[in-house]
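Visitor: I should like to learn how to read residue contacts, a nonpolar core and the packing of two helices. May we begin with contacts?

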Amino acid sequence: MRSVSEIASAAGVSRMTVFNYFARKEDMFLDRLPELTGRIVADVRGSPAPLTALRDVFLGVLDERHPLAGFADRMASFWQVVIDSPALRARVREFLEELEGLVAGLLEEGGQPQPRLTAALALAGCRVCYLDAAARIMAGEPAESFFAAHRARVARAFEQAALAAEAIDLGHPAV
């Protein structure tokens, strides 16, 4: 990965200008993550069925074959860079934690029972689906050959998260 100074020089801007747009070097590589959070907020906030709206965001990104879905043969090189970089892997984990907090807040606003648990379960299911698809694509399996099965699996992850959250009664947090 190039240094921030090299990136700034190639772009014809100062290092400070780069950091005005990206808080961290890793955010330059993972520059589409804010788009995902924006879509989630726009579609889930105020929805009468927030978990369904969240599912629809993930399925919509997948149906669009948007790079955020990570579902394309061309994504293998992107994933390899992330795998090879401890800093990028750490940033992805941090983002997932931030996303879980955001989603839990949105689900709570929408009246979803056990919003933190539901957010954790739904996003864990999505992550497993995403990583499994990435592994298959990196192994050379054409993405389109299992698109329908992958899409159904992502939808099922949301259904199962809702059922699991209902089945697990954590009660109210101690205050």
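Guide: Contact means heavy atoms within 4.5 Å. The model shown here is predicted. In it, R91 touches R24, E26, D27, L30 and E98, when residues up to four places away in sequence are not counted.

Visitor: Where does R91 lie, and is R91 buried or exposed?

Guide: R91 belongs to helix 7. Residues under 20% relative accessible area count as buried; R91 has 9% and is therefore buried.

Visitor: How should one read the nonpolar core?

Guide: In soluble globular proteins, nonpolar side chains tend to be buried together. In this model the largest nonpolar core has 44 residues, and those touching the most other members are I40, L54, F58, F71, V103, V154 and F158. Two or more residues each come from helix 4 (33-44), helix 5 (50-63), helix 6 (76-84), helix 7 (86-109), helix 8 (115-138) and helix 9 (147-167).

Visitor: Which residues is L54 in contact with, leaving aside its neighbours within four places in sequence?

Guide: For L54 these are I40, V44, V103 and F158.

Visitor: How is the packing of two helices described?

Guide: Two packed helices are described by the angle between their axes and the distance between the axes. Here helix 7 and helix 8 pack at about 135°, and their axes are 8 Å apart. Helix 7 is therefore oblique to helix 8, and the crossing is right-handed.

Visitor: Which residues of helix 7 and helix 8 meet?

Guide: From helix 7 come L96, L99, E100, V103, A104, L107 and E108; from helix 8, P115, R116, T118, A119, A120, L123 and R127. Nine residues of this contact are nonpolar, one is polar and four are charged.

Definitions and conventions: Residues numbered from 1 in each chain as written. Predicted model: local features only at pLDDT ≥ 70, side-chain atom pairs only at ≥ 80, totals over all residues. Heavy atoms only, no water. Core = buried A, V, L, I, M, F, W, Y, C linked by side-chain atoms within 4.5 Å. Buried < 20%, exposed > 50% of the residue type's maximum accessible area, 1.4 Å probe, protein only. Helix = DSSP H or I, 4+ residues; strand = E, 2+ residues; numbered from the N terminus. Axes fitted to C-alpha atoms, helices over the stretch in contact; angles between N-to-C directions. Parallel < 35°, antiparallel > 145°, perpendicular 65-115°, else oblique. Left-handed = near helix turned anticlockwise from the far one by under 90°. Nonpolar A, V, L, I, M, F, W, Y, C, P; charged D, E, K, R; others polar.
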